[in-house]
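Student: Could you take me through one part of this model slowly, namely the sheet and what lies around it? I would like a connected account rather than a list.

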Amino acid sequence: MRTFINYLNNLLFPIIPESKGYGIKRALLRFAGVQVGQNTKISSSIKIYGCGDLIIGDNSWIGYQTTIVSSSKIEIGSNVDIAPNVYIGTGTHVVDVSSKNIAGEGVSKDVKIGDGCWLCVNSTILPGVEIGKKTIVGAGAVVTRSFTEELIVLTGIPATKKKNLL
């Protein structure tokens, strides 16, 4: 992503009505280097930060107040529904107990969200996580590790598999 253009997008988006102007928002994100699929709907209150790659598939919805921070690569599949106030990020630190600051060297770990997933309100997707197709991440869940199985429900902190959908 081009960080300066993305910075400008973060300033421009709030003047576009929240649930209107989807084509304009897709075009602005594409200009910033984001790969955005056809018919994807993006709320105006989202914030996107970082210089990493961001790929969003076709027919997805990115809800109000979502924050996406990419220092490496984030892939959001097609037909994904992201509810309000979701956080998706790729940056973390190596724990360093021998230094004055426990948050040691910064590292980036890619995130991949499969096609057809539903990330419910206030959920968090942490660095290095892959989520399988048609997975539901329950409200408030914090996904700290990958779940590549399809058609499951994840809940809790840290997220665990609650049940199969089939």
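Tutor: Two strands are said to pair if DSSP finds at least two bridges between them. With that in hand, and keeping in mind that this is a predicted model, we can say that 5 strands form an open sheet, in the order β3-β6-β9-β14-β17, and that the pairing is parallel. The edge strands are β3 and β17 (142-143), each of which pairs on one side only. Within the sheet, β6 (residues 67-69) and β9 (residues 87-89) pair in the parallel sense over 3 bridges, and V69 has G89 in β9 as its bridge partner.

I88 touches T67, I68 and V69, and its further contacts include I74, I76, I82, V111, I113, L119 and I125, leaving aside residues up to four places away in sequence. I88 is also among the residues with the most contacts inside the largest nonpolar core, a set of 32 residues in which L54, I76, I113, L119 and I125 are listed beside it. The elements that give two or more residues to this core are β4 (53-56), β7 (73-76), β12 (111-113) and β18 (152-155).

The edge strand β3 (47-49) leads us to helix α2, since what covers the buried residues of α2 includes β3 together with α1 (3-12), β1 (35-36), β2 (41-42) and β5 (61-62). In α2 (residues 22-31), the buried residues are Y22, K25, R26 and L29. These cover an arc of only 100° around the axis, and therefore lie on the same side of α2, while the face turned away from that buried side carries the exposed residues I24 and F31.

Notes: Residues are numbered from 1 along each chain as its sequence is written. This is a predicted model: local features need pLDDT of at least 70, side-chain atom pairs count only at pLDDT 80 or more; totals for chains, interfaces and linings use all residues. Side-chain values use heavy atoms; hydrogens and water are left out. Buried means under 20% relative accessible area, exposed over 50%, partly exposed in between (1.4 Å probe, protein chains only). Helices (H or I, at least four residues) and strands (E, at least two) are DSSP runs, numbered from the N terminus. The arc is that of the directions from the helix axis to the C-beta atoms. Contact means heavy atoms within 4.5 Å. A nonpolar core is a set of buried Ala, Val, Leu, Ile, Met, Phe, Trp, Tyr and Cys residues joined through side-chain atoms within 4.5 Å.
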